[in-house]
Amino acid sequence: MTQSVTVGTIKSVTARLAEELAVGEGQVAATVALLDEGATVPFIARYRKEVTGGLDDGQLRTLEERLGYLRELDQRREAVLASIQEQGKLTDELRAALMAAETKARVEDIYLPYKPKRRTKAQIAKEAGLEPLADRLLADPTLVPDEVAGEFLNDDVADAAAALEGARHIIIERASEDAELVGAVREKFWADGSLRTGPWSDEAAKSPAAQKFRDYFEFSEPLENMPSHRVLAVLRGEKEQALSLTFDGGEDELYQAMIAQALGIDMAAK
């Protein structure tokens, strides 16, 4: 039987919404009740001002959007807590991290190492005894990989190339399941990255159907500055094969340094 996990130390959705919108919790609670009864934002804005305490259309739309998001966040958080608890791996630190998560992406980052998954290449490599090889290579960048890999050959590992490939899979999985690293890389990408768009092809640029996207045939903008309507427009253009999208996260060396630090690699020792 699945044991229910309570997220009792988290502020209520109405309390969080009141803080975000800088309005009274009573105003939020009254508005949520109206929305749950099926009232629409235009109806509430026009006919229920006395109930909401005068919340305007913009505030109501933000409240409705954030209400749905926060409810989904709490539901997902509870499901993740229950899953990890069933595995017997829920520590106080892990619980605290999940309780503090403010986005669904953060919850998924934390959950990734515990998420049930099919047998991965990294798991196969570990079963073949290659995790110590990965650990040694990470600990000492001065080692000659081909020479060290030769010490790990067995019935499942035919040669040094196979050993190094297995070690690589282990290291990649280790980095991809580091919640702090994944979150930091994502934040940096969105803060420093940009999007460039152009025609899907020369032929596509001349087609009548693509002309509604002509403003994006030579377009570039930092990701953090892009409004949602523009994001939707360029994604629609790509889906209709009118636009090609190129994402640029900035200098690769900066991301490499972040990954190296997370994995404990001394880049200066190379």
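## Q241, before strand β3

In this predicted model, Q241 is partly exposed, with a relative accessible area of 48%, a value that falls short of the cut-off for exposed residues, which is over 50%. The residue is found in the loop that lies between helix α14 (228-239) and strand β3 (243-248). Although Q241 is not a glycine, its phi is positive, at about 55 degrees.

## A22, between two helices

A positive phi is also found at A22, a residue other than glycine, where the angle is near 55 degrees. A22 belongs to the loop between α1 (13-21) and α2 (25-36). Is A22 buried or exposed? With a relative accessible area of 69%, A22 is exposed, because the cut-off for that class is over 50%.

## How α2 meets α5

Helix α2, which follows the loop holding A22, has an axis that comes within 11 Å of the axis of helix α5 (residues 57-86), and the two axes cross at roughly 80 degrees. Angles of 65 to 115 degrees count as roughly perpendicular, and therefore α2 is described as roughly perpendicular to α5.

Which residues make the contact between these two helices? On the α2 side they are V28, T31, V32, L35 and D36, while α5 contributes L60, L63, E64, L67 and R71. Sorted by class, the contact of α2 with α5 has six nonpolar residues, together with one polar and three charged residues.

Technical notes
Residues numbered from 1 in each chain as written. Predicted model: local features only at pLDDT ≥ 70, side-chain atom pairs only at ≥ 80, totals over all residues. Heavy atoms only, no water. Helix = DSSP H or I, 4+ residues; strand = E, 2+ residues; numbered from the N terminus. Buried < 20%, exposed > 50% of the residue type's maximum accessible area, 1.4 Å probe, protein only. Axes fitted to C-alpha atoms, helices over the stretch in contact; angles between N-to-C directions. Parallel < 35°, antiparallel > 145°, perpendicular 65-115°, else oblique. Contact = heavy atoms within 4.5 Å. Nonpolar A, V, L, I, M, F, W, Y, C, P; charged D, E, K, R; others polar.
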